[in-house]
Amino acid sequence: MKLRILVILVVLTLLAGVAYRIQHQDAGDERKSGDRVLSVKTVRVAVRDFPRVIDLPGTLEAAQQVIITAQVSGTVLRQHVEEGEAVRAGQPLFSLDARPAEARMAQSQAALTGARAETAEAEKRLQRLSPLMQSGYISRQEYDDAMLALEAARARAGTARAELQAAQLDAGYAQIRAPIAGRVGRIAVRPGSLVQAGGEPLTTILAPGALDVRASVAQQDLGELVAARAQGTVTAEVFHETDRALRAQGVVAFVDAQIDPATGTLPIKVRLTGTPPALLSGQGVRVRLLLGAEPNAKVVPEAALQHAQEGAYVYVVREGRAAVQPVRLVRSLDGQLMVEGELRAGEPVLIEIPQRLKAGSKVKLESARR
């Protein structure tokens with residue numbers, strides 16, 4: 001009995017010793033983890049000029065293009081060109097049926113001939129009556145009637161002449177010619193089609209050479225654009241819409257005088273310098289307007305910016321420890337951020353945040369990069 005009690009006491013003593021050692025080992029581990037130095041990746045705060053830009057979606061269009069529409073109604077008799085064909089100024093594109101205009105020309109010509117004959121006869125009669133009226137052989141009323149008949153004949157001649165000129169114009173409009181040299185776009189009609197004056201476009205002529213980018217600036221960015229234009233020419237860069245590769249450069253050539261009420265934006269045009277072969281009219285691109293630069297800006301990578309309910313912040317390494325520094329984002333461009341806050345040039349900021357990192361944690365710079 002005594003031996004059993006002794007064994008139980010020995011076992012309890014051993015268990016108490018093990019528990020004590022485990023408890024104190026855990027406490028030591030906790031103290032060590034609190035002083036653990038975390039390896040962190042950082043970059044240094046740069047102070048430099050930061051570009052002020054506006055990025056916009058845009059559409060390329062020929063700097064000079066003409067939409068071809070019929071000026072008279074009629075049936076298309078002939079199509080003289082094909083889609084994509086290069087044409088010179090004045091070259092025939094389509095021939096409309098000119099017979100109705102030619103018939104009106106003949107009718108107006110006959111009316112003009114008759115009116116001229118009436119005018120000549122009225123002039124002769126007036127010449128004969130003039131001395132008779134002066135001698136008193138005829139009344140003043142008879143002479144005035146002859147004068148009125150002459151004026152009426154001249155008026156009919158003028159009307160017939162105007163109708164003849166209108167018919168001649170319509171006959172000329174039946175021959176649709178290229179107003180500029182360029183390349184023929186998609187043709188919307190074929191021989192036998194009935195076209196209306198001022199109706200649907202027949203085709204488009206795109207002049208070779210310069211391209212424009214049509215885009216729209218939001219109202220909130222209008223002030224910056226106006227201020228930049230007041231300082232001089234505003235340049236622009238044009239990027240491919242998919243791979244974002246730089247394709248061309250240009251200048252802002254046009255800013256509309258009023259905001260589009262439907263979209264709340266201001267239409268602009270950028271005239272490209274040169275004609276890169278990779279860009280075609282109708283293609284979608286990205287436009288970057290270069291408005292100047294902010295001097296002495298504090299710049300950090302996008303990966304350094306953290307967000308909390310109180311606002312944005314970055315982790316800064318100061319005296320070997322991680323410190324939380326609140327900042328305000330001003331601009332962003334290509335993965336770089338312009339921020340405002342109590343940051344110093346060359347100060348390392350964390351770009352990768354370890355899971356155990358807290359404000360005040362000891363850190364070691366793994367790779368300080370610029």
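**Exercise 1. How do S5 and strand S8 pair, and over how many bridges?**

Solution. S5 and strand S8 (residues 182-184) run antiparallel and share 2 bridges. Strands here are DSSP runs (E, at least two residues), numbered from the N terminus; helices are runs of H or I, at least four residues. Two strands pair if DSSP finds at least two bridges between them. Now look at one position: valine 87 faces glycine 182 in S8.

A note on the model: it is predicted, local features need pLDDT of at least 70, side-chain atom pairs count only at pLDDT 80 or more, and totals for chains, interfaces and linings use all residues. Residues are numbered from 1 along each chain as its sequence is written, and side-chain values use heavy atoms, with hydrogens and water left out.

**Exercise 2. Place S5 in its sheet. Which strands are the edge strands?**

Solution. Start with the order: S3-S10-S8-S5, an open sheet of 4 strands with antiparallel pairing. Then find the ends. Strand S3 (65-68) and strand S5 (86-87) each pair on one side only, which makes them the edge strands.

**Exercise 3. Trace the sheet that holds S4. What is its strand order?**

Solution. The order is S7-S6-S4-S9, in an open sheet of 4 strands with antiparallel pairing. Take S4 (residues 74-79) and S9 (residues 194-195): 2 bridges join them. Threonine 75 stands opposite leucine 194 in S9. Next, S4 pairs with strand S6 (residues 92-96) over 3 bridges, again in the antiparallel sense. Here arginine 78 lies opposite serine 95 in S6. The edges are strand S7 (175-177) and S9.

**Exercise 4. Describe the packing of helix H2 and helix H3. At what angle do they pack?**

Solution. Two packed helices are described by the angle between their axes and the distance between the axes. Helix H2 (residues 99-135) and helix H3 (residues 140-173) pack at about 160°, with axes 7 Å apart. The axes are lines fitted to C-alpha atoms over the stretch in contact, and angles run from 0 to 180 degrees between N-to-C directions. H2 and H3 are therefore roughly antiparallel. The cut-offs: under 35 degrees is roughly parallel, over 145 roughly antiparallel, 65 to 115 roughly perpendicular, and the rest oblique.

Finally, sort the residues of the contact of H2 with H3: 20 are nonpolar, 5 polar and 12 charged. Ala, Val, Leu, Ile, Met, Phe, Trp, Tyr, Cys and Pro count as nonpolar; Asp, Glu, Lys and Arg as charged; the others, Gly among them, as polar.
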